[in-house]
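Here is a short report on one protein chain. Start with the overall fold, then go to two chosen sites.

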Amino acid sequence: NVRKPSDTDRTLSRRSYSDAAFSGNETRDQNHLSQHLGDAEEKQALNLQAGYNERALAWSKGYLPVTLSILEALRELSFHQGCAQLIVKSGAFSVLGVVLRHDHRTQLVKLAVEIIWNILDIHPPSALMFGSKDANFEALSDLLIRLEDCYRLKDKELRNELAVVLCLLARERGNHMMLVLNQCLAIAIHQSTKLELGQEELASMSLSESDFEYKNTLWAFIQEMVYCDLGLSII
């Protein structure tokens, strides 16, 4: 049976982390020439990635029926562990962040979020593969912001699923730094505390069951992030 997208209240099973915590403090070459070349290569890589994301987004918009059919097929396959592993191995999983930049009211974004959730849940090692692209975390934070003041039930269900995805990504400590640097943690803290901190009037804040689920899931994500020194300083 296909899992309903709104089933965000399922219990998130706890999996052990690797013993080595992600430090993010890589040793840099002190030679100025090497440093300059390293910065230039990094900038070139970022420019290439930005160009790729722009072309991929334009392609997916220009071939919506094809993109939709591909995502529907991937969604069905993502429920099976063997197929999920093949999706990750093919590289398709790590580029799903491009789809998240579409209008969140489209079926494309809903399918992409569900595929990411399925694969992260059924094949935990895939979290690092998704985290291998900085643009994926940028897409996540951008989608979180766009969904902040949503009011449609479908949008709230998507928002709640996205929070579950953050929890699954945060279980892999190697993703912690990117989740901090791309503002995912800061956005989660703001959205989960703005009512209590008086940043939003009570009258304008929906207190539906879906909203409570969202806040609870965000706090589960924040709890995972306390293992990151930089994240802890923000919390």
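The text below covers the whole chain, then a loop residue, then a surface patch.

**Overall fold**

This is a predicted model. The chain holds 11 helices and 0 strands. Along the sequence, the pattern is α-α-α-α-α-α-α-α-α-α-α. The chain has 235 residues, and 43% of them count as buried. Its exposed surface comes to about 13,000 Å². Carbon and sulfur atoms supply 55% of that area. Among contacts in the chain with a separation of 6 or more, 78% join residues 24 or more positions apart.

**A loop glycine**

Gly131 sits in the loop between α5 (126-130) and α6 (134-146). Is Gly131 buried or exposed? Its relative accessibility is 16%, so Gly131 counts as buried; the cut-off for buried is under 20%. Leaving aside residues up to four places away in sequence, Gly131 touches Phe137 and Asn175. Glu172 lies 41 residues from Gly131 along the chain, yet their C-alpha atoms are separated by 9.3 Å.

**A nonpolar patch**

Which residues make the nonpolar surface patch? Val226, Tyr227, Leu232 and Ile235 do, and the patch measures about 350 Å². Ile235 belongs to the segment after α11 (229-234). Ile235 counts as partly exposed because its relative accessibility is 42%, and partly exposed runs between 20% and 50%.

The two residues are set side by side here.

| Residue | Relative accessibility | Class |
|---|---|---|
| Gly131 | 16% relative accessibility | buried |
| Ile235 | 42% relative accessibility | partly exposed |

Key. Residues are numbered from 1 along each chain as its sequence is written. This is a predicted model: local features need pLDDT of at least 70, side-chain atom pairs count only at pLDDT 80 or more; totals for chains, interfaces and linings use all residues. Side-chain values use heavy atoms; hydrogens and water are left out. Helices (H or I, at least four residues) and strands (E, at least two) are DSSP runs, numbered from the N terminus. Buried means under 20% relative accessible area, exposed over 50%, partly exposed in between (1.4 Å probe, protein chains only). Contact means heavy atoms within 4.5 Å. Accessible areas come from the Shrake-Rupley method with a 1.4 Å probe; for residues, only the protein chains shown count as cover. Patches are made of residues with over 30% relative accessible area and no salt bridge: like charges are joined within 9 Å, nonpolar side chains (Val, Leu, Ile, Met, Phe, Trp, Tyr) within 5 Å. A salt bridge is a side-chain nitrogen of Lys or Arg within 4 Å of a carboxyl oxygen of Asp or Glu.
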